[in-house]
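Me: Please take a close look at the largest nonpolar core of this model. Then go through the open and enclosed spaces and the parts of the chain that touch on them.

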Amino acid sequence: MKKSEKIWMDGKFVKWGDAKVHVMTYALHYGASIFEGIRCYNTKKGSAVFRLEEHVKRFFESSKIYRMELNYTKKEIKEAILDTVRKNGLKSCYIRPLVFRGYGEMGVNPLNTPVHVMIAVWEWESYLGDEALEKGIKVKTSSWNRMAPNTFPFLAKAGGNYLNSQLAKMEAVLDGYDEAVMLDIDGYVAEGSGENIFLVKDGVFYTPPVYNTILQGITRDFVIKIAKEMGYPVKEERIPREMLYISDEIFFAGTAAEITPIREIDHYELGEHKITKEIQNKFFETIDKCDPKYMTIV
C-alpha cells in the first residue's frame, strides 16, 4: 500500500502513521464496522469522484442497519471525502470511508460503545491488475456460499461480511485462480468475493437479483443503466451455475475491479468479450469526460 500524508479521523486530519486505535477497540473483536470503496479519477476536467452521492448514501444506510449513528450529515461526509483527497494532493486515488465501534465496553451488546469515522485515500491501481482489464481473469466457483437471508444483512457493506469473501478469495488464489464466483445457499450464482457479476448470452445481459444475497453494487447499477441505454436487454434473475459455462461473455463490475472480463471459469474458456469491451469503454469514457451525472469534481 502506498501511504498518503493525512487521514481524516473524527473531523480532524492526522498523519498517516498516527491514525491508530486501541487493541481493545470493539470492531477488532466483533467485526463491527461499515465501509465504502470509492474511486477518484484524473479526468479531462481534473480530479473527480465516481458516484460520490450514491456511495455516501449507501454508507449511511449500512450504518443505519447496524445502528451505528454518525454524528455527521451526508453533506459533511461528502465534503470530508473531497477535503481528504485535496489534502493529500492526489490526482487519482482509492477512497476508504470507515465507521467503526471503538474502545469502550466488551460484550456482544455494542450500544454503549463510541462510534468513530475515518477517511483514508491512497494510490491504488486496478484491483485485479491492468492486464486483467485487457485480457480477462481466470475464475473458479468457490466451495464457500454466500450467507443465507436473515443471517447477516447483505445489503450492508459491513466489515464482518467480508470474512465470507476472504475465505472464497484465499481458496481461489491458493488453487491458482485470480478470483472466485460465489453461489447462494440454493446453488444459484451470487457474486464474486468483492464484485458483482454479469453474464452475456445471445446479446442479453443477465445479473443476479438483490435477493440472491448480493451487495447492491453502485458500479453494477451503472452497468445496468448504460447497457440499457446502448440497447441491450438486461435481466435481473436467478442464474443457475451451469449458465456460467454456456454464456458468451462474463465480467465482474465493482469499484475496485471496475469492469473486468472473465476469460475462463472452472476450466471452461469464454469468448472474446466484444460486448464487455463496449461496456468497459463506455465506463472509462464516462469517467474521462467527467460526466456530471456520475462525477463530482474535487
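Reply: In this predicted model, the largest nonpolar core has 26 residues, and those touching the most other members are Phe59, Ile77, Ile81 and Ile95. At least two residues of this core come from each of β4 (38-43), α2 (52-65), α3 (74-88), β6 (93-101) and β7 (115-122). Helix α3 supplies the largest share of the core, 5 residues.

Leaving aside residues up to four places away in sequence, Phe59 touches Ile34, Phe35, Glu36, Leu70, Ile77, Pro97, Leu98, Val99 and Val117. A further core, of 23 residues, lies apart from the largest one, and its members include Phe251, Ile259, Phe283 and Ile287.

Helix α3 has 15 residues and spans 22 Å from its first C-alpha to its last, close to the 21 Å expected at 1.5 Å a residue. Its buried residues are Ile77, Lys78, Ala80, Ile81, Leu82, Thr84, Val85 and Asn88. Just after α3 comes Gly89, with a positive phi of about 60 degrees.

Helix α8 (residues 274-288) also has 15 residues; from first C-alpha to last it reaches 21 Å, close to the 21 Å expected at 1.5 Å a residue. Ile275, Thr276, Lys277, Ile279, Gln280, Phe283, Thr286 and Ile287 are buried in α8. Of these, Phe283 and Ile287 are named among the members of the 23-residue core. Cys290 follows α8 and has a positive phi, near 55 degrees.

Next, the pockets. The largest pocket holds about 700 Å³ of space. Its lining is made of 35 residues, and Phe35, Lys157, Tyr162, Ser193 and Gly194 lie nearest its centre. Phe35 is also one of the residues that Phe59 touches. Two or more lining residues of the largest pocket come from each of β6, α5 (162-174), α6 (218-229) and β14 (249-254). The most come from α5, which gives 5 residues to this lining. Sorted by class, the lining of the largest pocket contains 15 nonpolar, 13 polar and 7 charged residues.

The second largest pocket has about 450 Å³ of space. It is lined by 18 residues, with Ala19, Val21, Leu98, Phe100 and Met118 nearest its centre. Two or more of its lining residues come from each of β1 (6-9), α1 (26-30), β6 and β7. Strands β6 and β7 each supply at least two residues of the largest nonpolar core as well. By class, this lining has 13 nonpolar, 3 polar and 2 charged residues. Leu98, named at the centre of this pocket, is in contact with Phe59.

As for enclosed space, the structure holds 1 cavity of 30 Å³ or more. The volume of the largest cavity is about 30 Å³. Its lining consists of Arg39, Tyr41, Phe50, His55, Thr219, Gly254, Thr255, Glu258 and Phe283. By class these are 3 nonpolar, 4 polar and 2 charged residues. Phe283, one of the lining residues, is a buried residue of α8.

Glu258, another residue of the cavity lining, belongs to strand β15 (residues 258-265). Although Glu258 is not a glycine, its phi is positive, about 55 degrees. Is Glu258 buried or exposed? Glu258 counts as buried because its relative accessible area is 5%, under the 20% cut-off.

Ser126 sits in the loop between β7 and α4 (130-135). Ser126 counts as buried, since its relative accessibility is 13%. Not counting residues up to four places away in sequence, Ser126 touches Arg39, Leu133, Ala256 and Glu258. Among these contacts, Arg39 and Glu258 also line the largest cavity. Ser126 and Ile259 are 133 residues apart in sequence, yet their C-alpha atoms are 9.9 Å apart in space. Ile259 is one of the members of the 23-residue core.

One more backbone detail concerns Asp10, in the loop between β1 and β2 (12-15). Asp10 is not a glycine, and its phi is positive, near 50 degrees. Asp10 counts as partly exposed because its relative accessibility is 32%, which falls between the 20% and 50% cut-offs.

Technical notes. Residues numbered from 1 in each chain as written. Predicted model: local features only at pLDDT ≥ 70, side-chain atom pairs only at ≥ 80, totals over all residues. Heavy atoms only, no water. Core = buried A, V, L, I, M, F, W, Y, C linked by side-chain atoms within 4.5 Å. Buried < 20%, exposed > 50% of the residue type's maximum accessible area, 1.4 Å probe, protein only. Helix = DSSP H or I, 4+ residues; strand = E, 2+ residues; numbered from the N terminus. Contact = heavy atoms within 4.5 Å. 1 Å grid on protein atoms, 1.4 Å probe; cavity = no way out; pocket = protein on both sides within 12 Å on 5 of 7 lines; lining within 4 Å. Points joined across faces, edges and corners; volume = space filled by probe spheres on them. Nonpolar A, V, L, I, M, F, W, Y, C, P; charged D, E, K, R; others polar. Expected span 1.5 Å × (residues − 1).
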